[in-house]
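Here is a quick tour of a single protein model, written for someone who likes to know the cut-offs. Have the viewer open and follow along.

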Amino acid sequence: MYWLNRIEVRLSLLMALVAVATSLLTVALNTFQRERTFRELPAEVRDFLRRNEGRPPSLSLTPELRQMLAEGREIRVRMRPSESPDNPNPVFWITTDDPSAPAVRLQAPPRLRRPSLEARLQQNLLIAGLVATALGVLVALVFARRMARPIEAISAAASHLAQGNLSVRIPAPQGEDEVARLARNFNHMAASLERLEAERRAMIADIAHELRTPLTVMQGRLEAIQDGVMPLEMAEIDRLHHQARLLARLVEDLRTLSLADAGRLNLLLQPLNLAEQAGRMAATFRAALEARQVQLELELPDQPVPVQADPDRLAQVIGNLLSNALEHSPAGGQIVLQVRADTTRAYLRVLDSGPGIPEEALNKVFDRFYRAEASRSRATGGSGLGLSIVKTLVELQGGQVRAQNRPEGGALFELQLPLKPT
């Protein structure tokens, strides 16, 4: 039956079972101890206790006896067992020092039949056991209901969550017990799922937009060539090739991030000199820097800076940081590439002379498809994934990356990697 599956019913039945078992054990031990104590008493005492319910009979003295006692006369009392089956109380024969005076016979009237002492003890223990059972069931119902209510709420919320309602929450109970922590953890999980779902939808929309832009350009130009509106010449082929490269770069960036998320991005970690790697990457950017009239200043140490990293992925990280700095540096600006080390970590810093990062964007620059200046980034071919790839690759190699604004203007990106002992 359904009601047997409820936690409060099961807990109540368990409490009742414990109370009944405890009561029965108490009765059994008490009965054993009482019988053992009774067997140690003399036979006449046991008989007296059983017949007189554990107390002497009450007697009512006659006026003559009261007078005798008041005068201080000597009286003699003899007790004999009763011969009447209807009145088991003993008979008292009272005589005085006067031989001619008749003996006075006293016998307490029969009382109503009551259970014996043993029966009353058993009855009291039984009543106590029943009361304990009732109290146990009541306490179990109260506490089980208090515990089951948030669990039922969590179960109902989980059902809504499974149906796609990610905004469902439950009132978190007060306290620090297991049920309260479970309720708070459920709310935290639901909030995380809702945030991830919103990010997933935004990412799908961004991917669709990024793919649509170059495809639309290529489709329009190809249709114009087919219609004879535009001639098929090398300049037009170069433009189409540029759009194809943008598509290939976006697909490769998405592939890198998806492999990293799935834990399938293979890194070939090996010892290398961070300063030497930074110098090689700076040399590859010389032509792009000269075309944009941006000066690159290198601050590299003379001593090697040994780290354990993947050369290709580290080159990709440095290249993305330099590309980002070049993209935001104006003509005539300057980019500084620094490498230094302390006792435990190696540092690579890229500083630019651009407008800097808006304060509200400092915590979002490493998010996927985030652009502080969306229109300008798209115009220069940025996909919004470069810094996300930087953060992912650096963390996979045991490092950290952060962004901040320089006091004199411009942005600063700092990469930290564990220093490999030589």
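## Confidence first

pLDDT is the predictor's confidence in each residue, on a scale from 0 to 100. Helices (H or I, at least four residues) and strands (E, at least two) are DSSP runs, numbered from the N terminus. This is a predicted model, where local features need pLDDT of at least 70 and side-chain atom pairs count only at pLDDT 80 or more, while totals for chains, interfaces and linings use all residues. Residues are numbered from 1 along each chain as its sequence is written, and side-chain values use heavy atoms, with hydrogens and water left out.

The protein chain has a mean pLDDT of 79, with 82% of its residues at 70 or more. Confidence peaks in strand β8 (residues 345-351) at a mean of 95 and bottoms out in helix α10 (residues 374-379) at 45. Over residues 374-381 pLDDT stays under 50, and the model has 11 contacts (heavy atoms within 4.5 Å) beyond four places in sequence there. Where pLDDT is low, the predicted coordinates should not be read in detail.

## Helices α6 and α11

Helix α6 (residues 234-261) has 28 residues and spans 40 Å from first to last C-alpha, close to the expected 40 Å; that expectation is 1.5 Å times one less than the number of residues. Its buried residues (under 20% relative accessible area; exposed is over 50%, partly exposed in between, with a 1.4 Å probe and protein chains only) include L240, L247 and L250. They pack against α5 (178-226), α9 (311-328) and α11 (386-396). Just after α6, G263 takes a positive phi of about 75°.

Among the buried residues of α11 are L387, I389 and V390, and their cover includes α6, α9, β9 (400-405) and β10 (411-418). G398, just after α11, has a positive phi of about 80°.

## Salt bridges

The whole structure holds 11 salt bridges, each a side-chain nitrogen of Lys or Arg within 4 Å of a carboxyl oxygen of Asp or Glu. In α11, K391 pairs with E395 at 2.8 Å between the closest N and O atoms; the two sit four residues apart, about one turn of the helix. K391 is partly exposed at 30%, and E395 is partly exposed at 44%.

E197 and R201 form another salt bridge, 3.0 Å from N to O. They are four residues apart in helix α5, so about one helical turn separates them. E197 is buried at 19%, whereas R201 is exposed at 56%. Finally, R340, R349, R402 and E414 are linked in a network of salt bridges.
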